[in-house]
Amino acid sequence: MNIAIIGAGLSGAVLSHHLQSDHSVTVLEKSRGAGGRLATRRQDNLAWDHGAPYFTARTPEFQQFLEPARASGSIVDWTPTISTLHRHQKSYKRLWFEPHLIGQPNMKAWLNDLINPNLLLTETEVLGITGAAGNWFLTTNNSLQGPFDWVLSTAPAPQSEGILAPFLPELGVTYAPGLTLLATTTHHRAKWQMAICNDPIVDQIILMSSRFGRLPGNPVVIHTQRDWAKAHLEQPLDQSKSQIEQAVKSLDDLEITQGILHRWRYAKVEQPAAIPFWIEPDLQLGACGDWFGLEGAESAFTSTSRLLIALKEHLMH
Ligand SMILES: Cc1cc2nc3c(=O)[nH]c(=O)nc-3n(C[C@H](O)[C@H](O)[C@H](O)COP(=O)(O)OP(=O)(O)OC[C@H]3O[C@@H](n4cnc5c(N)ncnc54)[C@H](O)[C@@H]3O)c2cc1C
């Protein structure tokens with residue numbers, strides 16, 4: 001079967017990994033590489049993991065799937081020194097109560113190991129679909145791709161709804177946006193490597209030096225609070241940047257220099273869908289992703305695994 005997979009984040013990489021040996025798979029990804037929201041940005045010899053800072057693997061299925069990556073060292077436990085920060089109170093230490101996983105040497109490298117690079121079309125944004133079951137075509141920013149027997153979308157729910165309209169029904173999913181500052185610090189005297197902040201603006205501050213194998217320098221990732229990001233998403237980026245910098249200063253003696261503000265329109269699911277995945281066997285269309293639950297990467301994996309089980313039955317005919 002000719003199968004198109006839209007998106008090369010965790011969900012698209014897992015689909016490709018399972019389907020590419022028995023089928024002719026094409027993965028269409030709008031950005032420059034795989035990763036999606038398991039993201040790393042490099043600039044001027046610095047690197048920031050500016051999407052999900054970590055993820056958990058609570059189900060035996062996800063744990064088992066990650067075993068090869070853990071054995072090879074491309075997924076590792078992240079054990080930073082953690083502190084909780086308040087503006088006018090003393091900080092206190094915190095501990096993790098379960099493993100928190102990160103990719104090594106960056107968040108997304110292990111996803112590249114799952115996708116055959118010859119099948120990945122990058123900088124290819126899917127705009128819409130035409131045709132019929134068994135004969136689908138995808139219009140993209142630079143070409144017409146197809147024909148495909150099946151099309152599977154792993155883009156965030158609102159984007160999948162747009163691409164697969166009018167076939168994919170409204171899933172009723174809402175995402176919280178995010179504003180993330182990628183900065184560097186010149187002198188850091190604090191005793192923590194990750195700060196969880198009790199603050200109206202700043203949510204988490206993460207020193208990238210707490211992650212083994214990262215590029216040198218002192219990159220810091222600062223995630224803002226969900227409600228603050230919602231209220232300030234469209235405000236000029238420079239204004240948001242200086243408000244975040246001020247907030248960081250009042251939380252700790254962390255001198256920040258250089259900053260790139262990243263706007264996430266779809267960061268984390270707020271209202272999940274009522275269904276774990278979507279498949280329409282008569283149309284030969286499907287969709288999956290983290291929109292199924294509130295567990296981020298783990299929800300994306302579960303949704304994808306369930307779509308694969310449902311799909312198997314139809315791909316055998
Ligand atoms: C700031 C932030 C913090 C987070 N914190 C956590 C956390 O602590 N723990 C956790 O588990 N998760 C967290 N997450 C969520 C986690 O990153 C996601 O749940 C997970 O990465 C989703 O994977 P996915 O493959 O389903 O979606 P994505 O990673 O979004 O992948 C979808 C892919 O589709 C591509 N795409 C979209 N539209 C098109 C199109 N039209 N054509 C072609 N390609 C397209 C995108 O570029 C993307 O690569 C966080 C995310 C963010 C942004």
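How far is an oxygen atom of the ligand from an N or O atom in the side chain of Asp290? In this predicted model, the distance between the two atoms is 2.8 Å. The protein covers 93% of the 1,000 Å² of accessible area that the ligand has on its own. This briefing describes the surroundings of the ligand, then the protein as a whole, and then one helix and two individual residues.

**The surroundings of the ligand**

- There are 35 residues around the ligand, and those that come nearest are Ser11, Glu29, Arg37, Val126 and Asp290.
- Ser11 places a polar side-chain atom 2.7 Å from an oxygen atom of the ligand.
- Tyr54 approaches through its backbone: an N or O atom there lies 3.0 Å from a nitrogen atom of the ligand.
- Four elements give two or more residues to the shell around the ligand, namely α1 (10–19), α4 (157–163), β18 (254–271) and α7 (297–315).
- Of the elements in the protein, β18 gives the most to this shell, with three residues.
- Sorted by class, the shell around the ligand has 17 nonpolar, eleven polar and seven charged residues.

**The protein as a whole**

- The protein contains seven helices and 20 strands.
- Its radius of gyration is 20 Å, close to the 20 Å that the globule rule gives for 317 residues, so the protein is as compact as a globular protein of that length.
- Taken along the principal axes, the C-alpha atoms of the protein fill a box of roughly 65 × 45 × 35 Å.
- Of the 317 residues in the protein, 53% are buried.
- Among the contacts in the protein with a separation of 6 or more, 68% are between residues 24 or more positions apart.
- The protein has an accessible surface of about 14,700 Å², and 51% of this surface belongs to carbon and sulfur atoms.

**Helix α1**

- Eight of the ten residues of α1 are buried, so this helix is largely enclosed by the rest of the structure.
- The buried residues of α1 are Leu10, Ser11, Gly12, Ala13, Val14, Leu15, Ser16 and Leu19.
- Ser11 therefore appears in two roles in this briefing, as a buried residue of α1 under the 20% cut-off for relative accessible area and as one of the residues that come nearest to the ligand.
- The cover over the buried residues of α1 includes the strands β1 (2–6), β2 (24–28) and β13 (150–153), together with the helices α2 (60–72), α3 (109–112) and α7.
- Helix α7 is also among the elements that give two or more residues to the shell around the ligand.

**Thr26 in strand β2**

- Thr26 lies in strand β2, which is part of the cover over the buried residues of α1.
- The relative accessible area of Thr26 is 17%, and the cut-off for a buried residue is under 20%, so Thr26 is buried.
- Leaving aside its neighbours within four places in sequence, Thr26 is in contact with Ile3, Ala4, Ile5, Leu119, Leu121 and Phe148.

**Gly146 in strand β12**

- Gly146 belongs to strand β12, which spans residues 144–148.
- With a relative accessibility of 36%, Gly146 counts as partly exposed, because that class lies between the 20% and 50% cut-offs.
- Apart from its neighbours within four places in sequence, Gly146 is in contact with Trp136 and Phe137.
- The C-alpha atom of Gly146 is separated by 41 Å from that of Ala231, a residue 85 positions away along the chain.

Notes
Residues are numbered from 1 along each chain as its sequence is written. This is a predicted model: local features need pLDDT of at least 70, side-chain atom pairs count only at pLDDT 80 or more; totals for chains, interfaces and linings use all residues. Side-chain values use heavy atoms; hydrogens and water are left out. A residue is near a molecule or strand if one of its heavy atoms lies within 4 Å of it. A polar contact is a pair of N or O atoms within 3.5 Å; within protein, one must be able to donate a hydrogen and the other to accept it, and residues adjacent in sequence count only if both atoms are side-chain atoms. Accessible areas come from the Shrake-Rupley method with a 1.4 Å probe; for residues, only the protein chains shown count as cover. Ala, Val, Leu, Ile, Met, Phe, Trp, Tyr, Cys and Pro count as nonpolar, Asp, Glu, Lys and Arg as charged, and the others, Gly among them, as polar. The radius of gyration is taken over C-alpha atoms; the globule rule is 2.2 Å times the number of residues to the power 0.38. Buried means under 20% relative accessible area, exposed over 50%, partly exposed in between (1.4 Å probe, protein chains only). Contact means heavy atoms within 4.5 Å.
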